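Work through the exercises below with the model open. Each solution goes step by step.

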Amino acid sequence: VHYGASYGWYLGVAVLPLANVFALEFTAPIWVAVLAVVFLGERMNAGRAVAVALGVAGALIILRPGVEGFSVASLIVLGSALAFAISHIAIKELTRTDSILKVLFWMAAMQTPFSLIPALANWTPMDGTAWFWAAVLGLAATGAHYCLTRALSLADATIVVPMDFLRVPLIALVGFLAYAEAIDVWVLVGAAVIFAGNYYNLRREHRSAG
């Protein structure tokens with residue numbers, strides 16, 4: 001599931017502006033909230049319900065079905081977000097019985113042959129610069145997965161996943177500065193709606209914990 005999510009995400013990065021990809025990716029907390037209730041027995045309170053509702057509204061603003069901004073690639077990224085949510089739920093369940101490093105090891109071990117088969121069919125030699133960035137990507141991704149898995153072992157998935165939304169404004173700035181990508185105002189509006197729902201949920205959870 002995580003391999004499929006990653007494949008869809010990379011496809012989105014290749015054909016869509018970075019801000020669009022990350023904004024759509026952050027519909028994942030919506031799916032996590034629903035799936036956590038069904039599979040993990042977590043509570044669906046008012047804050048989480050609001051986050052789900054605003055998340056759906058934000059995604060529709062970004063996708064704008066029926067208008068020029070809509071694309072198949074956007075749907076693929078949206079499906080990727082759902083797959084990432086399923087992966088988060090699986091990680092949360094696995095950390096109840098297995099160590100964090102064991103979960104990370106088997107995820108990498110299983111995804112390697114999955115990705116190797118299509119990679120060999122399209123492989124081209126890489127130069128030193130490409131190998132450097134591939135190594136950076138591998139280290140950064142492994143570190144990110146470790147932090148996420150550790151966080152999921154300590155708190156509810158519906159608390160952890162929305163906090164990842166902080167990447168959206170940063171990646172929009174990176175896309176603008178590094179790749180001269182225009183920032184679509186509707187992407188910002190949709191991202192703000194999704195963020196508002198997640199923020200409201202986190203505030204309620206913080207007050208309840210206090």
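**Exercise 1.** Classify the orientation of helix 2 and helix 5 to each other in this predicted model.

*Solution.* Two packed helices are described by the angle between their axes and the distance between the axes. Start with the angle: helix 2 (residues 18-25) and helix 5 (residues 72-94) pack at about 40°. Their axes are 8 Å apart. Angles under 35 degrees would count as roughly parallel, and 65 to 115 as roughly perpendicular. Helix 2 and helix 5 are therefore oblique to each other. Last, the handedness: helix 2 passes helix 5 in a right-handed crossing.

**Exercise 2.** List the residues that make the contact of helix 2 with helix 5, then sort them by character.

*Solution.* Helix 2 contributes Val21, Leu24 and Glu25. From helix 5 come Ser74, Val77, Leu78, Ala81 and Phe84. Sorted, the contact has six nonpolar residues, one polar and one charged.

**Exercise 3.** Decide whether Ser6 is buried or exposed, and find what it touches.

*Solution.* Locate Ser6 in helix 1 (residues 2-15). Its relative accessibility is 15%. The cut-off for buried is under 20%, so Ser6 counts as buried. Now leave out residues up to four places away in sequence: Ser6 touches Phe84 and Gln111. Ser6 and Phe84 are 78 residues apart in sequence, with their C-alpha atoms 8.0 Å apart in space. Phe84 also belongs to the helix 5 side of the contact with helix 2.

**Exercise 4.** Name the buried residues of helix 3, then inspect the residue just after this helix.

*Solution.* In helix 3 (residues 28-40), the buried residues are Ala28, Pro29, Ile30, Val32, Ala33, Leu35, Ala36 and Leu40. Just after helix 3 comes Gly41, with a positive phi of about 75°.

Terms used:
Residues are numbered from 1 along each chain as its sequence is written. This is a predicted model: local features need pLDDT of at least 70, side-chain atom pairs count only at pLDDT 80 or more; totals for chains, interfaces and linings use all residues. Side-chain values use heavy atoms; hydrogens and water are left out. Axes are lines fitted to C-alpha atoms, for helices over the stretch in contact, and angles run from 0 to 180 degrees between N-to-C directions. Helices (H or I, at least four residues) and strands (E, at least two) are DSSP runs, numbered from the N terminus. Angles under 35 degrees count as roughly parallel, over 145 as roughly antiparallel, 65 to 115 as roughly perpendicular and the rest as oblique. A crossing is left-handed if the near helix is turned anticlockwise from the far one by less than a right angle, and right-handed if clockwise. Contact means heavy atoms within 4.5 Å. Ala, Val, Leu, Ile, Met, Phe, Trp, Tyr, Cys and Pro count as nonpolar, Asp, Glu, Lys and Arg as charged, and the others, Gly among them, as polar. Buried means under 20% relative accessible area, exposed over 50%, partly exposed in between (1.4 Å probe, protein chains only).
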